[in-house]
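Student: Please take a close look at one part of this model for me. I would like its strand pairing explained step by step, and then its surroundings.

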Amino acid sequence: MSLSKTFSALSDNNRQKILDILRDGEKTVSEINKEFDITMATLSHHLDILKRSNLVSSRRTGQNIFYSLNTSVFEDLSKEIIKFLKIKK
């Protein structure tokens, strides 16, 4: 895992909001877009960045693509931060 890639993906407010929305469970791009005042192209760009950083995953069912949090990456990220800060559990 590249911490710099992950933190870069997390540095944008829109991407943080997407992650917050996905905490409630998987959503389609249309469901996510209802929470924003941005174009679908911009939202797709943000989702692509989150996917490339492995923070979200997607699955296709018919014509719908469902996005969800990749919780294992957040667990790994937490471990890396703890290790970086040298904090003992």
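**The sheet and its setting**

Tutor: The protein chain has 5 helices and 3 strands (DSSP runs, numbered from the N terminus: H or I of at least four residues for helices, E of at least two for strands). This is a predicted model, where local features need pLDDT of at least 70 and side-chain atom pairs need 80 or more, while totals for chains, interfaces and linings use all residues. Numbering starts from 1 along each chain as its sequence is written, and side-chain values use heavy atoms, without hydrogens or water.

Start with the order of elements. From the N terminus, the chain reads α-α-β-α-α-β-β-α. Its C-alpha atoms fill a box of roughly 45 × 25 × 20 Å along the principal axes.

Now the sheet. The 3 strands form an open sheet in the order E1-E3-E2, with antiparallel pairing (strands pair if DSSP finds at least two bridges between them). E1 and E2 stand at the edges with a single partner strand each, so one side of each has no neighbour in the sheet.

Take the E1 side of the sheet. Strand E1 covers residues 27-28, and 2 bridges join E1 to strand E3, residues 64-69. One residue to find in E1 is lysine 27, whose bridge partner in E3 is tyrosine 67.

Move to the E2 side. Strand E2, residues 56-61, pairs with E3 over 6 bridges, again in the antiparallel sense. Serine 57 has serine 68 as its bridge partner in E3. Arginine 59 has phenylalanine 66. That second pair also meets through side chains: the charged end of arginine 59 sits over the ring of phenylalanine 66, 4.6 Å from its centre (NZ of Lys or CZ of Arg within 6 Å of the ring centre and within 35 degrees of the ring normal). E2 and E3 make a hairpin with 2 residues between the strands. There, glycine 62 takes a positive phi near 65 degrees.

Next, step back along the chain from E2. Serine 53 lies in the loop between H4 and E2. Serine 53 counts as buried because its relative accessibility is 6% (buried is under 20%, exposed over 50%, partly exposed in between, with a 1.4 Å probe and protein chains only). Leaving out residues up to four places away in sequence, serine 53 touches Lys5, Thr6, Ala9 and Val73 (heavy atoms within 4.5 Å). Asparagine 54 is in the loop between H4 and E2 too. Its phi is near 65 degrees, a positive value in a residue other than glycine. At 44% relative accessibility, asparagine 54 counts as partly exposed.

The core brings one sheet residue back into view. The largest nonpolar core has 18 residues, and Tyr67 is listed with Ile18, Ile32, Leu43, Leu47, Leu50 and Leu55 as having the most contacts inside it (buried Ala, Val, Leu, Ile, Met, Phe, Trp, Tyr and Cys joined through side-chain atoms within 4.5 Å). The elements giving two or more residues to this core are helices H1 (3-10), H2 (13-22), H3 (29-33), H4 (40-52) and H5 (71-85). Tyr67 is also the residue that bridges to lysine 27.

Look at the helices for a moment. Leucine 19 is in helix H2 and counts as buried at 7% relative accessibility. Leucine 19 and aspartate 37 are 18 residues apart in sequence, and their C-alpha atoms are 16 Å apart in space. Another charge sits over a ring elsewhere: the charged end of lysine 17 is over phenylalanine 36, 4.7 Å from the ring centre.

Finish with the whole chain. Of its 89 residues, 29% count as buried. Among contacts between residues at least 6 apart in sequence, 50% join residues at least 24 apart.
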